[in-house]
Amino acid sequence: MTLTSRVQSVGLASALALLVTVMPASGQQGEDQTAKPGGAPATAAPAAKPIPPMQAAPTTVPGRPDVPNAEVEKQLRNVAPPPFGLPADQLPTAQLNVPKGFKVELYASGIPNARSIRIGDKGTVFVSNRLLDKVYAIVDRNGKREVKVIASGMDRPNGLAFHKGTLYIAEGTRISKLQNIEDQLDNPPQPVVIYSDFISTQSHGWKFMGIGPDNKLYVNVGSPCNICEPPAGTGHLRRMDLDGSNPEPVVRGVRNSVGFDWHPVTKELWFTDNGRDWLSEDLPEDELNRVTRHGLHFGFPYCHQGNFTDREMGWGRSCDEFEKPAALLGPHSAALGMRFYTGKMFPSQYRNAIFIARHGSWNRTKKIGGDVIVVYLNKDGTVKSQEPFLTGFLKNNSYIGRPVDVHVMKDGSLLVSDDYGGAVYRVTYGTSKVAAR
């Protein structure tokens, strides 16, 4: 559920329906191309190839925007974050709720549109954004935290990954890296582009990224639409070598995953996926998916939530053709970042459980989400239950904050980013102090 998809679906839907045509094959990246070594040679950012032109979002129902009546439409508005975040004294820290024994405190503020979180080997907390062009580092200086810009002029740098001193940044159309960045925070180098073979799309064009147990980069390539047959080279999770070579799809049938992680024991990949808009208030639910083997198809655009065929794209298809979700996470809840809990600070019941940030719905008159939930697993890897963990961002059907990502610190505490407030919060258990690492 995104502002861009809302703009396309409501404000411009009728006009776009008349203008959108089938994109020429030369402007798309075929699936067979992603399986070949396609990463661009490492070059400095100024020498990288130009960003390709933005592709229009496909539609399957020209001339019929799938929107409710005008009265209901007034209640369906996305939440534009303050352009520079909120001052620390205006953040809702005191209104946030966690279970008994836990404590939530402000870790850092002044990070506009704070999105993905990664932690460096030396404890630096890196934070991305999607609406602006910058990547930030939170550093300790003489007992105080400072927020530093370490990269700017980037194209929706939402995805981050860190490995052996190198920070990888996934932009809308390319992946860059900053080597030895923790030793150069005061004078960061220019990002070096390692991969630039994504088509340019506004809808779901930003990326999430991680490094798997196989030491490969994994990145989502969202479907550039609300509901459509995804153009070749989209609608999947892709992996590649750390130099950008040997890209290949891992799983398909993905609408827009903005969070994934690997089980600490089984090493299986799990990911969240956002369901389509404009179907109903209560359908479909967002998904938590488990990848038991590569090559699986998770249903988009034909089947939603494992049991509901799409009314436009599902004719002649069955949900039995596709992999079922491991759990449903609420209709339009915008489930984003997720991490397995691998720390030792929290009680033992949380070990290897999954924390998921739900950004919160906009495509509902009665909002849900705007929280962090915890999902518990059975010994066989199936989902046992889920429950609220960090709440309070949704008040009186309005957001005072919107969680995006979660990350386990080395001491076992949990960081949570909020792109509405431009802040990062830290959840601890027991008597641990916020200053601890």
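Guide: Accessible areas are obtained with the Shrake-Rupley method and a 1.4 Å probe, and for residues only the protein chains shown count as cover. This is a predicted model, in which local features need pLDDT of at least 70 and side-chain atom pairs count only at pLDDT 80 or more, while totals for chains, interfaces and linings use all residues. Residues are numbered from 1 along each chain as its sequence is written, and side-chain values use heavy atoms, without hydrogens and water.

Visitor: What share of the accessible surface of the protein belongs to carbon and sulfur atoms?

Guide: The accessible surface comes to about 17,500 Å². The part that belongs to carbon and sulfur atoms is 51%.

Visitor: Is strand β8 largely enclosed or exposed?

Guide: A strand is a DSSP run (E, at least two residues), numbered from the N terminus. Buried means under 20% relative accessible area, with a 1.4 Å probe and protein chains only. On one side of β8, Gly-159, Ala-161 and His-163 are buried, as are Leu-160 and Phe-162 on the other. Because 5 of the 5 residues of β8 (residues 159-163) are buried, the strand is largely enclosed.

Visitor: Which residue of β9 is the bridge partner of Leu-160?

Guide: Two strands pair if DSSP finds at least two bridges between them. Strands β8 and β9 (residues 166-170) run antiparallel and are joined by 5 bridges. In β9, the partner of Leu-160 is Ile-169.

Visitor: Which residue in the hairpin of β8 and β9 takes a positive phi?

Guide: The hairpin has 2 residues between its strands. The residue with a positive phi, near 50 degrees, is Lys-164.

Key: Buried < 20%, exposed > 50% of the residue type's maximum accessible area, 1.4 Å probe, protein only. Helix = DSSP H or I, 4+ residues; strand = E, 2+ residues; numbered from the N terminus.
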